[in-house]
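Here are my notes after going through the model you sent. I've kept them as numbered points so you can reply to each in turn.

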Amino acid sequence: MKSKIQTKLSLLFVTLAVAGNLLAKPTKTIYEFESDDGGFRTKTIFYDNGEEVVAFDTQFTEKYAEQSIQFLKTKTKTPIKYIVISHPNPDKFNAIPSFKKLGAKVIASKQTIESMKGVHEYKKYYWTKIAKAFTEANYPKLGKVDIEFEGTYELKLKNGDSLRLTELGTKGVSTNQTVSYIPEQNAFIVGDLIHFKTHAWLEGGIQNGKPNPNVNEWIVSLDKLKSFGNSETLVFGGRGKAAKLFDAVTEQKKYLKEVDEIVNDYIKDLGVLQTELKSDMANKHYQELEKRISKEFPEYALPYMVGYGIYGLVNSKLQ
């Protein structure tokens, strides 16, 4: 008799456990994929609510996009339903086709869409004609956006989750900036607006066929972002580690102000030699600025990012 009772109780516990698992809510998780140096250490962020995945930023090429998708498959079986473009830089939108193949809908602000073609042509020229790392045939094709929005867009998911996408309307690392808030995680996804403890891309947004950085407006964008959060809000940037929003904004503003001052002082000290900054000798000055900025921020990762983009910030001060 005792054995039969124990058996029935065991079956009951198993039944309750199975029922509990069936009723349990899906785990909601943020995953981060980071490319290698060939992909500029760009991050694609994935929000998995257990039923749908929202991805943020596509990578520079489909090769890296496919790597990010394979990475996600090692974490979850949840399908990618949306891909959000944070701003019009090529490592954010070049690999749109990889996500569309999965049936994902592409979301971007009107301002981002309006800038994408000009940025694409500028970068395509550089990579095919100057760097010659691509040909006309194999440089990424410009993908199409499915959902365009202005101001704020509420992305409503099937399970009731609602993500808020906000176009800041001011410059950041690019001509404009979309930030995405995930209430379930109290977290923002912001692309390259923030590189926490990591050197920033200083080229500036591409306008009228040339880079046009604006450090002051970048700082305005950071202050706007901070006003949306609280002391516990997390922020995931395009490079670097996730951090508390207030800490990340403070650190990013400090970095931008000090870098701007270093560049201003360097140009001033050159005196009559400033003409070299508009000649074939400019690269040696960009390399020197990379060294000085790296020395000022020795704990920062990816110093080569300075070398890639500093020309934009320097040239903006020579106009």
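The points below go from the whole chain to single elements, then to empty space and a few residues.

1. Overall picture. Keep in mind that this is a predicted model. The secondary structure comes to 9 helices and 16 strands. The C-alpha trace spans about 100 × 45 × 35 Å along its principal axes. Of the 319 residues, 50% count as buried. If you take the contacts with a separation of 6 or more, residues 24 or more positions apart account for 67% of them.

2. Helix H6, the basics. H6 runs over residues 215–227, 13 residues in total, and from first C-alpha to last it reaches 19 Å, close to the 18 Å expected at 1.5 Å a residue. At its N-terminal end there is a cap from Asn214: a side-chain oxygen of Asn214 lies 3.2 Å from the backbone nitrogen of Asn216.

3. Which face of H6 is buried? The residues to look at are Val215, Trp218, Ile219, Ser221, Leu222 and Leu225, which are buried. Looking down the helix axis, the buried residues of H6 fall within an arc of 155°, so they line one face. That spacing fits the usual pattern: an α-helix has 3.6 residues a turn, so residues three or four places apart point the same way. On the other side of H6, Asn216 and Ser227 are exposed. Asn216 is thus worth a second look, since its backbone nitrogen is the one that Asn214 caps.

4. What sits over that face? The cover on the buried residues of H6 includes two strands, E9 (178–182) and E10 (187–189), and two helices, H7 (245–270) and H9 (304–316). H7 has 26 residues and reaches 38 Å between its first and last C-alpha, close to the 38 Å expected at 1.5 Å a residue. Just after H7 comes Gly271, with a positive phi of about 60°.

5. Cavities. How many cavities of 30 Å³ or more are there? The count comes to 2. The largest cavity holds about 50 Å³ of space. Its lining brings us back to the start of H6: Asn214, Val215 and Trp218 are among the lining residues, along with Pro213. The rest of the lining is Gly172, Val173, Trp201, Leu202, Glu203, Gly204 and Leu313. Val215 and Trp218 are also among the buried residues of H6.

6. The largest pocket. About 640 Å³ of space lies in the largest pocket. Of the 22 residues that line this pocket, those closest to its centre are Tyr126, Trp201, Glu203, Tyr308 and Tyr311. Helices H3 (90–93), H5 (110–130), H8 (282–296) and H9 are the elements that give two or more residues to the lining. H5 gives the most, with 6 residues. Two of these central residues, Trp201 and Glu203, also appear in the lining of the largest cavity.

7. Two lysines to compare. Buried or exposed: which is Lys92? Lys92, in helix H3, is buried, with a relative accessible area of 0%. Its side chain makes a polar contact with the side chain of Asp192 at 3.0 Å. Leaving out residues up to four places away in sequence, Lys92 touches Thr42, Asp57, Thr58, Gln59, Ile85, Ser86, His87, Asp192 and Gly238. Lys132, on the other hand, is exposed, with a relative accessible area of 64%. Lys132 is found in the loop between H5 and strand E6 (147–149). With the same sequence neighbours left out, Lys132 touches Tyr126 and Trp127. Tyr126 is one of the residues closest to the centre of the largest pocket.

8. Backbone angles to check. Asn186 has a positive phi of about 45° although it is not a glycine. Asn186 is found in the loop between E9 and E10, and its relative accessible area of 17% makes it buried. Both of those strands are among the elements covering H6. The other case is Lys197, with phi near 55°, again positive in a residue other than glycine. Lys197 is found in the loop between strand E11 (195–196) and strand E12 (205–207). At a relative accessible area of 31%, Lys197 is partly exposed.

Methods. Residues numbered from 1 in each chain as written. Predicted model: local features only at pLDDT ≥ 70, side-chain atom pairs only at ≥ 80, totals over all residues. Heavy atoms only, no water. Helix = DSSP H or I, 4+ residues; strand = E, 2+ residues; numbered from the N terminus. Expected span 1.5 Å × (residues − 1). Buried < 20%, exposed > 50% of the residue type's maximum accessible area, 1.4 Å probe, protein only. Arc of directions from axis to C-beta. Contact = heavy atoms within 4.5 Å. Polar contact = N/O pair within 3.5 Å; in protein donor to acceptor, adjacent residues only side chain to side chain. 1 Å grid on protein atoms, 1.4 Å probe; cavity = no way out; pocket = protein on both sides within 12 Å on 5 of 7 lines; lining within 4 Å. Points joined across faces, edges and corners; volume = space filled by probe spheres on them.
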